[in-house]
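Colleague: Hi! Could you open the model and walk me through it?
Modeller: Sure, here it comes.

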There are 2 protein chains.
Amino acid sequence: MSANPTACLLIIGNEILSGRTQDANLAYLARRLGEIGIPLREARVIPDVREVIVATLNEVRARYDHVFTTGGIGPTHDDITSECVAEAFGVPWEPHPEAWERLQRHYASMTPPGDFNAARQRMATMPRGARLIANVISIAPGFTIGNVHVLAGVPRICQAMFEALAPELKGGAPVHARSVHAHGLAEGRIAEGLAHIQARYPQTEIGSYPFYRAQGNGVVLVAKGTDAAAVEEAARDIAIFIRACGHMPVEGEPE
Amino acid sequence: MSANPTACLLIIGNEILSGRTQDANLAYLARRLGEIGIPLREARVIPDVREVIVATLNEVRARYDHVFTTGGIGPTHDDITSECVAEAFGVPWEPHPEAWERLQRHYASMTPPGDFNAARQRMATMPRGARLIANVISIAPGFTIGNVHVLAGVPRICQAMFEALAPELKGGAPVHARSVHAHGLAEGRIAEGLAHIQARYPQTEIGSYPFYRAQGNGVVLVAKGTDAAAVEEAARDIAIFIRACGHMPVEGEPE
């Protein structure tokens, strides 16, 4: 898995840090990036503060192969992601002709026509060299510059932008995962045996996640890695071990 | 707001970074910390990797007044948060007598009695100097060392631990917030007027959050800050402005 390109997600927005809004992009992007073979290695939630955004961008774009940002690309005063990306890259923040045209056309086509005013023009202003990411939902595009991909914060739009971008992303080996549910079993009872299985499959990551449900508690064991055969074998060993503990393993769908 | 103590949250766990598990602790802790007057300034999601956890802990505990961690304190091989905290602080990781006694008693009291085995004993092993945080749900305690508060990842347990700890946290001025909903209004139409209101209340943070619902789209405007009177006035100005745009503002509950 170490040969795969890596990704970091920057979630930009005071509304996430205040607890007002529950982030919904991390889980979606994490899954999709795993499928593409660009595992997400870190995510940060940072406020709409210029110096923080610029410094964080420059730190993580040097450290990871891909950086995805969500949030802060709308028309209001607190939407400052785009100009911060320009500052981080040390390039001018200027009207992007194609984005400008798309938005101008969009507002002209509304009934009644919308005003392509100064606030909306900010959504067509981008770092020099930005390549557009299509937005089939609300038109105002995201963009890529260098290894930074700038997406919207609204989940529906974020996802549409990611899917427009995805075919261009070159991933490594996809990450395979198998899960085994053990109902009624406590983590503390299987921890030692599980550690032995983990030691047998050093390239496969074995995670243990307890669950608490009205129908009863238990634990889900997840084997994950880029070597599909090793993942299958580890999951099989886990199932054998659960059975040896006197419980019935339920092998899950790939996840 | 700058005089308030600050907080950073470290969400530790591969299952969040893979998209398997949707984090539910950030929003809860963010709201509660805001109420207490210790605004959350940053959150990071990092993997169950020793060097990453240690380095990140040392970076953020120097930068923020409080650091909260969630995840990685169970009995399995992938639960390494506690020993990483010890390493970050440069102190031994050793049995904590009170935690040991609580867990021993707990397993002895189960029917049939549970085995207080090596894996479970790891949950009573802590950095020297740790002060326990009670866990009324599943007994195994969290702990505080220095300015770092180590909580469980399971939301119910995380919340119970936070509430046990909360009375000891000394906050600054609580953060007040008022929201004004503008149904049917587009962000781009109000952005300029909103920027003027923001300029009039520099100490109050004004956020603009579009929403897309089956019943219709709109935008929520949120005024937030430690000066309650300024927050009220800003919200009033926003409502007046929305009305001037020909729409009916709906003033929300404090949030």
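**Domains and the chain contact**

Modeller: The C-alpha centres of domain 1 of chain A and domain 2 of chain A lie 38 Å apart. Keep in mind that this is a predicted model.

Colleague: Thanks! Where does the domain assignment put domain 1 and domain 2 of chain A?
Modeller: Domain 1 covers 7-168, and domain 2 covers 176-251.

Colleague: Now the interface. How many residues of chain B are in contact with chain A?
Modeller: On the chain B side there are 48, and they touch 48 residues of chain A. Several elements of chain B each supply at least two residues to that side, among them the helices α2 (25-36) and α8 (187-200) and the strands β10 (205-213) and β11 (216-225).

Colleague: And how do the residues on that side of chain B divide into nonpolar, polar and charged?
Modeller: The split is 20 nonpolar, 14 polar and 14 charged.

Colleague: In which sense do β2(B) and strand β2 of chain A pair, parallel or antiparallel?
Modeller: Antiparallel, over three bridges, with β2 of chain A spanning residues 40-46. One pair to look at is Ala43(A), whose bridge partner in β2(B) is Val45(B).

Colleague: Different topic: helix α4 of chain B. How many of its nine residues are buried?
Modeller: Seven of the nine, so to speak of residues 81-89 as mostly covered is fair by the definition of buried used here. The buried ones include Cys84(B), Val85(B) and Phe89(B).

Colleague: What follows α4(B)?
Modeller: Gly90(B) does, and the phi of Gly90(B) is positive, near 65°.

Notes:
Residues numbered from 1 in each chain as written. Chains lettered and ligands numbered in written order. Predicted model: local features only at pLDDT ≥ 70, side-chain atom pairs only at ≥ 80, totals over all residues. Domains from an automatic or database assignment. Buried ≥ 20, exposed ≤ 12 C-beta atoms within 10 Å, placed from the backbone. Helix = DSSP H or I, 4+ residues; strand = E, 2+ residues; numbered from the N terminus. Contact = placed C-beta atoms within 7 Å. Nonpolar A, V, L, I, M, F, W, Y, C, P; charged D, E, K, R; others polar. Pairing = 2+ DSSP bridges.
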